[in-house]
Amino acid sequence: MDDDEYHQAPLDLQDNYITFIGAGRLHSGAVSAQGWLFTWGEGGYGNLGHGDGQSKLVPTLVAGSPFGGARATMASCGDRNTLVVTHDGSLWSSGVCRCEGSNEAESSDFFSFVRVWFPGGAARI
């Protein structure tokens, strides 16, 4: 990494009021007042939610409509995943997801956000 790359300013955040920050060991996320999610850091497991598994040096907007049209309100960054709560109370996840069922050791990597469903319906926070 050269000096220019290391000192690159996070331009995406300049015009956005940040209301929530989640910090993990190797990646972080910030939620704007508009309900947009920005993530950065190590992304090899899909934990940044950009769909590509690539790391990002600076805060980068998770493009499109990653939460089915809902606005992000909170983000939590774990070791290899990111969880987001939206304004309608739904829970979304990207990165490593440990699946319950016949083999508890089974896990999957999700490179884009997926809604977390629980028996009886969606999670409500």
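**A walk through the fold**

Visitor: In what order do the elements of the protein chain run from the N terminus on?
Guide: This is a predicted model, where local features need pLDDT of at least 70, side-chain atom pairs count only at pLDDT 80 or more, and totals for chains, interfaces and linings use all residues. Residues are numbered from 1 along each chain as its sequence is written, and side-chain values use heavy atoms, with hydrogens and water left out. Helices (H or I, at least four residues) and strands (E, at least two) are DSSP runs numbered from the N terminus. Starting there, the elements of the protein chain go α-β-β-β-β-β-β-β-β-β-β.

Visitor: How many strands does the secondary structure of the protein chain have?
Guide: Take the helix out of the tally, since there is just one helix in the protein chain. What remains of its secondary structure is ten strands.

Visitor: How many residues sit between β1 and β2 in their hairpin?
Guide: Strands pair if DSSP finds at least two bridges between them. β1 and β2 have five bridges and pair in the antiparallel sense, with Gly 22 opposite Gly 29 in β2. The hairpin they form leaves a gap of three residues.

Visitor: Which residue forms a salt bridge with Asp 79?
Guide: A salt bridge here is a side-chain nitrogen of Lys or Arg within 4 Å of a carboxyl oxygen of Asp or Glu, and the count comes to two. For Asp 79, the closest N and O atoms are 2.8 Å apart, and the partner is Arg 25. The pair links distant parts of the chain, 54 residues apart: Asp 79 is in the loop between β5 (72-77) and β6, and the loop between β1 (18-23) and β2 (27-32) holds Arg 25.

Visitor: Is Arg 25 buried or exposed?
Guide: Buried means under 20% relative accessible area, exposed over 50%, and partly exposed in between (1.4 Å probe, protein chains only). Asp 79 has 40%, so that side of the bridge is partly exposed. Arg 25 has 62% relative accessibility, so Arg 25 counts as exposed.

Visitor: Which residue forms a salt bridge with Lys 56?
Guide: Look for closest N and O atoms 3.1 Å apart. The partner is partly exposed because its relative accessibility is 37%. That residue is Asp 52.

Visitor: Thr 82 is in β6, so why does Thr 82 count as buried?
Guide: Strand β6 spans residues 81-86 and includes Thr 82. Thr 82 counts as buried because its relative accessibility is 0%.

Visitor: Which side chain makes a polar contact with the side chain of Thr 82?
Guide: A polar contact is a pair of N or O atoms within 3.5 Å; within protein, one must be able to donate a hydrogen and the other to accept it, and residues adjacent in sequence count only if both atoms are side-chain atoms. Contact in general means heavy atoms within 4.5 Å, and Thr 82, leaving aside neighbours within four places in sequence, has such contacts with residues including Trp 92 and Phe 113. The polar one is 2.8 Å, and its partner is His 27.

Visitor: How many residues are in the largest nonpolar core?
Guide: Such a core is a set of buried Ala, Val, Leu, Ile, Met, Phe, Trp, Tyr and Cys residues joined through side-chain atoms within 4.5 Å. Among its members are Val 84, Trp 92 and Phe 113. Not counting residues up to four places away in sequence, Phe 113 touches Val 84 and Trp 92, among others. The core's size is ten residues.
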